[in-house]
Protein chains: 2
Amino acid sequence: MLQKKLGRRIADLRRSKKLTQEQLAEKLGYSVEFISLVERGVNAPSVAGLEKFAKALKVEVGDLFVFEEKKR
Amino acid sequence: MLQKKLGRRIADLRRSKKLTQEQLAEKLGYSVEFISLVERGVNAPSVAGLEKFAKALKVEVGDLFVFEEKKR
DNA sequence: TAAAAACACGTAGTTTGACTTCGTGGTATA
DNA sequence: TATACCACGAAGTCAAACTACGTGTTTTTA
């Protein structure tokens, strides 16, 4: 559950920065496939990975876990 | 670095709830040794583990990554 | 001040899952 | 119709998440 929300959050942040999965993967040193897995909530990054995502997306690590409203 | 801060944060939260490592371990279904490793920053929990810690400590997951001032 | 409780820490082991590569196919857009 | 972007499956590797055991030190409390 949490990793699904986390994945959506990461995908949203990435799009808001106008980055493709490939560009993000490159920045992080991850494979594109892994980015896709994370964004779809299939896999969750490690804590070290969270730090990398946060830096690349220019937010605090805690902000990766701040989710928006589900509906509106 | 991040896992050291995370460990200190978790230890602080645990103490503020007046829990021993053993009591926290029991709540989480973890070994006492693992709690010790996490609190000392030797190991980091998985994302699923973060969720469990947050619930047991009654904070949001993001709050586990909100750190205080280093000195004062 | 002694005993008990709480914790650090070393070693060593098992198992999960974080992360990879390769390959296919779908959808949007230019 | 070409190409950029992404979902998704299968299958593998390896680090690290997590365990058990044992000893010793610090902290608490009676």
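The exercises below work through a predicted model of two protein chains and two DNA strands, each with a solution in steps.

**Exercise 1. The two copies**

Task: Work out how chain A and chain B are related in space, and which C-alpha of chain A is nearest the axis.

Solution. Step 1: superposing chain A on chain B takes a rotation of 180° with 0.0 Å of shift along its axis, and the RMSD is 0.0 Å. Step 2: the two copies are thus related as by a two-fold rotation axis. Step 3: in chain A, the C-alpha nearest this axis belongs to Gly62(A), at 2.1 Å from it. Step 4: both copies use the same surface, since 100% of the contact residues of chain A recur in chain B.

**Exercise 2. The contact between the chains**

Task: Find how many residues of each chain are in contact, and describe the side of chain A that touches chain B.

Solution. Step 1: the contact joins 13 residues of chain A to 13 residues of chain B. Step 2: on the side of chain A, the elements that give two or more residues are α1 (2–16) and α4 of chain A. Step 3: of these, α1(A) gives the most, with 3 residues. Step 4: sorted by class, the side of chain A that touches chain B has 7 nonpolar, 3 polar and 3 charged residues.

**Exercise 3. The surfaces near the DNA**

Task: For DNA strand D and then for DNA strand C, name the closest residues, the contributing elements and the classes of residue.

Solution. Step 1: DNA strand D is surrounded by 18 residues, and the closest are Thr20(A), Gln21(A), Ser36(A), Ser31(B) and Phe34(B). Step 2: at least two residues of this surface come from each of α2 (21–28) and α3 (32–39) of chain A and α3 (32–39) of chain B. Step 3: by class, the surface near DNA strand D has 5 nonpolar, 8 polar and 5 charged residues.

Step 4: turning to DNA strand C, 20 residues surround it, and the closest are Ser31(A), Glu33(A), Phe34(A), Thr20(B) and Gln21(B). Step 5: two or more residues of this surface come from each of α3 and α4 (47–57) of chain A and α2 (21–28) and α3 of chain B. Step 6: by class, the surface near DNA strand C has 7 nonpolar, 8 polar and 5 charged residues.

**Exercise 4. One face of a helix**

Task: Decide where the buried residues of α3(B) lie around the helix axis, and what they pack against.

Solution. Step 1: the buried residues in α3(B) are Ile35(B), Val38(B) and Glu39(B). Step 2: seen down the axis of α3(B), these buried residues fall within an arc of 95°, so they line one face of the helix. Step 3: a general rule helps here, because an α-helix has 3.6 residues a turn, so residues three or four places apart point the same way. Step 4: the buried residues of α3(B) pack against α1 (2–16) and α2 of chain B. Step 5: just after α3(B) comes Gly41(B), with a positive phi of about 80°.

**Exercise 5. The nonpolar core and Phe53**

Task: Describe the largest nonpolar core, and then decide whether Phe53(B) is buried or exposed.

Solution. Step 1: the largest nonpolar core has 27 residues, and those with the most contacts inside it are Phe53(A), Leu64(A), Leu6(B), Phe53(B) and Leu64(B). Step 2: α1, α3 and α4 of chain A, together with α1, α3 and α4 (47–57) of chain B, are the elements that give two or more residues to this core. Step 3: α4(A) gives the most, with 5 residues.

Step 4: Phe53(B) lies in helix α4 of chain B. A residue counts as buried if 20 or more other C-beta atoms lie within 10 Å of its own, and Phe53(B), with 23 C-beta neighbours inside 10 Å, therefore counts as buried. Step 5: leaving out residues up to four places away in sequence, Phe53(B) touches Ile10(B), Leu28(B), Pro45(B) and Leu64(B). Phe53(B) and Ile10(B) are 43 residues apart in sequence, yet their C-alpha atoms are 7.9 Å apart in space.

**Exercise 6. After helix α4**

Task: State what follows α4(A), and decide whether Lys58(A) is buried or exposed.

Solution. Step 1: Lys58(A) follows α4(A), and its phi is positive, near 60°. Step 2: most residues other than glycine have a negative phi. Step 3: Lys58(A) has 9 C-beta neighbours inside 10 Å and therefore counts as exposed.

Note on methods: Residues numbered from 1 in each chain as written. Chains lettered and ligands numbered in written order. Predicted model: local features only at pLDDT ≥ 70, side-chain atom pairs only at ≥ 80, totals over all residues. Near = placed C-beta within 6 Å. Helix = DSSP H or I, 4+ residues; strand = E, 2+ residues; numbered from the N terminus. Nonpolar A, V, L, I, M, F, W, Y, C, P; charged D, E, K, R; others polar. Buried ≥ 20, exposed ≤ 12 C-beta atoms within 10 Å, placed from the backbone. Arc of directions from axis to C-beta. Contact = placed C-beta atoms within 7 Å. Least-squares fit on C-alpha atoms with pLDDT ≥ 70 in both. Core = buried A, V, L, I, M, F, W, Y, C linked by C-beta atoms within 7 Å.
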